[in-house]
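Student: I should like to learn how to read a structural model feature by feature. Could we begin with the whole and then proceed to the particulars?

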Amino acid sequence: MRKKATACIPIIAIVLAFGVFKALQPARFGTINGIQILFQQTLMETILACGMYFLLETGIFDMTLGVNVLVSSLVGCRLSEIWGIPGLLVGCTLTGLAISAISGQLMTRIKVNPMIISVGLIIIYEALTNMLVGGALALRIDNRFRIFGVAPVNILISVAVILISAGISSYTKFGLYVNAMASNLAVAQNMGISVRKYQTIAFVYAGLCAGLMGIVNICYTTSASAASGLSSTATIFTPLMACMFASAFKKHMNPILALFLGGLCMNVIETGLLSNGLESSLQNIVVGIMLLVLVRFSKKTSRYDVSK
């Protein structure tokens, strides 16, 4: 009974947040069109969050996932100009996998904090985005390829990734070992689990998710511009908070479901603050506080995790 009650907390939080902002701005918040956009954005962000979740559970915080999505989008856009849809799909997917493969090798083999390696790689990849843009303000995808960024195709892609990730988490050896590593990395290694091997697999899956996110994202926004000054890391904030949410509630529901609910809750709050005219700096303060609370709550619950 208590587990079921705890599992309802994310849903209750979403309903309460939606109700509060709807009451404050009945004309501007919670319209039919606004709700559709909110769900689409949450589903698309959950693609990246699925890959990030498995990495975080294995003990690695890869900050390059944001720039991975951007570089994948730009490469796919360039190749789509030559080979059309196959160029877009293959370019984004292979670029996402390649960048994560490089990150994975460096972060699992070099005895340095992964965040330090991430920052160095982000600087390199952001320079690459400027080269791909080639002096233009942004690259624009041809309208013929926008099908992957609009409903129902973007929804189907997102739901497919969510369902596959949920199945991996619950019904595979990889999901079991990732859960063990999340509980206690040292104990998992002493049990005979090859930590580096499963971290590498997590990197591969994260790269695949970043590539798919790159396809959906550039087709949804229709363009992508170069990044600099670590600005690409802004892409990972909402997925990161969704991962913290999943970590906090994974004992009470499937973590991928919690991932989606967490992302939806964050987006409802961010959209509600925006509709009420809150300045962007104040919005960032609220988002930052929420991230700290989620990190604290997820760390508190992880102390009681036991892997069987």
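**Overall form**

Tutor: Of the 308 residues in the protein, 48% are buried, where buried means under 20% relative accessible area, exposed means over 50%, and partly exposed lies in between (1.4 Å probe, protein chains only). This is a predicted model, in which local features need pLDDT of at least 70 and side-chain atom pairs count only at pLDDT 80 or more, while totals for chains, interfaces and linings use all residues. Residues are numbered from 1 along each chain as its sequence is written, and side-chain values use heavy atoms, with hydrogens and water left out.

Student: How many helices and strands are there in the protein?

Tutor: Helices (H or I, at least four residues) and strands (E, at least two) are DSSP runs, numbered from the N terminus. The protein has 13 helices and 2 strands.

Student: What radius of gyration would a compact globule with 308 residues have, and what does the protein have?

Tutor: The radius is taken over C-alpha atoms, and the globule rule is 2.2 Å times the number of residues to the power 0.38. For 308 residues a compact globule would be near 19 Å, and the protein agrees, with 19 Å. Along the principal axes, the C-alpha atoms fill a box of roughly 55 × 55 × 35 Å.

Student: What share of the contacts with a separation of 6 or more comes from residues 24 or more positions apart?

Tutor: A contact means heavy atoms within 4.5 Å. Among contacts with a separation of 6 or more, residues 24 or more positions apart account for 82%.

Student: How should the surface and the charges be read?

Tutor: Accessible areas come from the Shrake-Rupley method with a 1.4 Å probe; for residues, only the protein chains shown count as cover. The protein exposes about 14,800 Å², of which carbon and sulfur atoms supply 68%. For charges, Lys and Arg count as positive and Asp and Glu as negative, with His and the chain ends not counted; each charge is placed at NZ of Lys, CZ of Arg, CG of Asp or CD of Glu. There are 21 positive and 9 negative side chains, and the centres of the two sets lie 13 Å apart.

**Aromatic pairs**

Student: How many aromatic pairs does the structure hold?

Tutor: Rings of Phe, Tyr and Trp (its six-membered ring) pair if their centres lie within 6.5 Å; planes under 30 degrees apart count as stacked, over 60 as edge-to-face and the rest as tilted. The structure holds 9 such pairs. One of them, Phe18 with Phe29, is tilted, at 5.2 Å centre to centre and 50° between the planes. This pair links distant parts of the chain, 11 residues apart: Phe18 is in helix α2 (residues 9–24), and Phe29 is in the loop between α2 and α3 (32–57). Phe18 counts as partly exposed because its relative accessibility is 26%, whereas Phe29, at 2%, is buried.

Student: Why is the pair of Phe54 and Tyr205 edge-to-face?

Tutor: The pair is edge-to-face because the planes lie at 80°, with the ring centres 5.6 Å apart. Phe54 in helix α3 and Tyr205 in helix α10 (residues 195–221) are 151 residues apart, so placed that the pair links distant parts of the chain. Phe54 and Tyr205 are both buried. Ring pairs also link Tyr53, Phe54, Phe174, Tyr177, Tyr198 and Tyr205 into a cluster.**Backbone exceptions**

Student: How should backbone angles be read?

Tutor: Most residues other than glycine have a negative phi, and most peptide bonds are trans. Here, a cis peptide bond joins Ala151 and Pro152, with omega about 5°. Pro152 lies in the loop between β1 (139–140) and α7 (153–171).

Student: Where is Thr222, and is this residue buried or exposed?

Tutor: Thr222 is in the loop between α10 and β2 (223–224), and is buried, with a relative accessible area of 12%. Its phi is positive, near 75°. Leu230 also has a positive phi, near 65°, and is found in the loop between β2 and α11 (237–249). At 29% relative accessible area, Leu230 is partly exposed.

**Packing around a residue**

Student: Which residues does Met107 touch, not counting those up to four places away in sequence?

Tutor: Met107, in helix α5, touches Ile60, Asp62, Thr64, Pro114, Ile117, Ser118, Leu121 and Phe203. Met107 is buried, at 6% relative accessible area. The C-alpha atoms of Met107 and Phe61, 46 residues apart along the chain, are separated by 9.7 Å.
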